[in-house]
Structures are given as C-alpha cells and as structure tokens.
Amino acid sequence: MEYIHKPVLLEECIAALRIRPDGTYVDGTLGRAGHSREIARLLTTGRLIGIDRDEAAIEAARERLRPWLDRVTLVHSNFERLGEVLADVEAVDGLLFDLGVSSPQLDDAERGFSYRQDAPLDMRMDRSAPLTAREVVNTWSFEELRRILYDYGEERYAPAIARAIARIRADRPIETTLELVDIIKSAMPPAALREKQHPAKRSFQAIRIAVNGELDALPPMLRAAADKLRPGGRLAVITFHSLEDRIVKRTLRELAQGCTCPPGFPVCVCGKKPLLRLDKPVTPTSEEVMENPRSRSARLRTAEKRDLFDI
C-alpha cells in the first residue's frame, strides 16, 4: 500500500526553502518523498538530490517522483556522508532534513521499530547495516544500556530496565519487540505503567537511536550542509524530540556565531565568520496536529547562508 499521509510541516518547509525553479536542492532524509514531491514539482531546469539510508524508501520515492525523474537524483546513503555524496556538486540552494524514523518504518511490523507489534528486534533504518537492536539488547554491557536509555531516551527508570534486561538475557537471548516490552514493563513501578505514554516508548527510542547512530551524525551533517550552501541558500531541519532538537539548536548557533576572541582583544585573531543567519523555529498548527498526531512534537529550524564578503 502506498503511504500517502501528508508530510509534517510541508507548507512551512517549502516556504522556508524559497524554491527557485533553476536551483539545486537536497532532501537528506528522502523517506517516501512527501517533501521532495513538492520541491520537484516547483523545479524546471533545477535539480533535486534525494538521499536515504533505507533502500525501501528509495524505491518507494522513485515511484512517487516518477513524473519528475528527469530532474531528480536518488542516492542510497546516510546523511552523515553528506559531504561525500555532494563532493561533485559545487553548491546548493537549499537542504532539507526531516529527522527521526518515518511513519512507514514505524508501521511496518517486520522492521522492529514498534513497541505495539511483535517482530524480531531489528530497528535498522539501513537494513544492510551490521548493528541491530537484538545485538544492542543482548550484548551491550549493563552500563552501556543504562547510559543509552537515560541519555537517548531520557528514561528515568533506566537503571532498573537495564538490570531487568541483563537478568533475562543471562538465561536466554531476547529476540522480539513484545518480549522486550514485557521486560521493560516488569522493571517499572505501577504508577509509571498507568501514564498516558506507552511505558516502552522512551526505551525503544533510545535503542533505535543507538542502532542507527542518529545523534552523533547531526553536527557533522549540519556543518557539511552549511559548507555546501551558496550565499543566500536555505537550510531546513525538522526535529521530533528534545534530544536531537538541542543538538541541532546548539550546532546551528555555533555556525551562526562570529568571532570567539575574548572581549578584551583589540582585534580579532580567531578569524571565525558566521556562516548562517538563523530564523525563529516553527511548530505545527493545531489543525496539523489534529490531522496527524505524530507531528505534535515536531519543530522546524531554518537558516540562511550568509555572504561572507558582506560580513
């Protein structure tokens, strides 16, 4: 079945990118091409480069972009290799990154992302990658499990959950998503199980982030994106949880900061120039949240490449 749900913050992203018909644009998280369809539709002599680490997403996007394939290049890669992918591209007019796991991945039980459907523990966005959730859960040390649950999932019961996982796996491997859900629940107090949020949500988020190296890739990706933008080019990044949003916010602020010399220096000796001019972040409207509850936590951060000769 074709995934046809409207992508998050679509109008806001297109407006932020200020698409030029002859421009070059990059969708670094192609997914099912929800944003890319709108970008490609607005191009005439321009070019769209779509990147995704999930081969299934690439094939689905190819079908959805079929009317505009003459202006589209699809690349199976991870956005952490953005500089490598764009090595032969002199400069681009805009880049878009829609972070996190896509809805089709969540809804495909076989991928092992969901804590509501039973499946082998996998959680790989790139199914050719060697590390799986099964390996993380069954072989990583108690301390590493505790750390990722706390740091990546902001799970307050991280020590108890890590101990429960370590205790069970000492007798037998943990193989499936619902098996892991039961272990997580067994480690949490009754009050936590009655909360509105599913008790396994934070732990599954943490393991998924660890499997896919999602957070470590963000700063180098954003720096490579800023380097590739031509003056006046636009950058748009959608985040879905506070951890990745803090990293994006901090990195963009660093890229927007100029001289870092101590205030007492008579002249600048660091030579640092601000690369970006930041806009105010945008969140979904109440109407969009009602239409698509998964957009509730989304935040769009945008920026423009400065002309260094004008600084």
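Met 125 is buried in this predicted model, with a relative accessible area of 7% (buried means under 20%, exposed over 50% and partly exposed in between, using a 1.4 Å probe and protein chains only). Met 125 sits in the loop between helix 5 (103-107) and helix 6; helices (H or I, at least four residues) and strands (E, at least two) are DSSP runs numbered from the N terminus. Leaving aside residues up to four places away in sequence, Met 125 touches ten partners' worth of chain, among them Arg 53, Phe 113, Arg 208 and Asn 212, with contact taken as heavy atoms within 4.5 Å. Arg 146 is 21 residues apart from Met 125 along the chain, and their C-alpha atoms are separated by 23 Å.Two of these contacts, Arg 208 and Asn 212, are also among the buried residues of helix 11. Helix 11 (residues 201-212) reaches 17 Å from its first C-alpha to its last, close to the 16 Å expected at 1.5 Å a residue, the expected span being 1.5 Å times one less than the number of residues. Eleven of its twelve residues are buried, so helix 11 is largely enclosed by the rest of the structure. Its buried residues pack against helix 6 (133-139), helix 7 (142-151), helix 8 (158-169) and helix 9 (177-186). Just after helix 11, Gly 213 takes a positive phi of about 55°.

Elsewhere, Phe 265 lies in the loop between helix 13 (242-256) and strand 6 (276-278) and is partly exposed, at 42% relative accessible area.

Residues are numbered from 1 along each chain as its sequence is written. Local features need pLDDT of at least 70, side-chain atom pairs count only at pLDDT 80 or more, totals for chains, interfaces and linings use all residues, and side-chain values use heavy atoms, with hydrogens and water left out.
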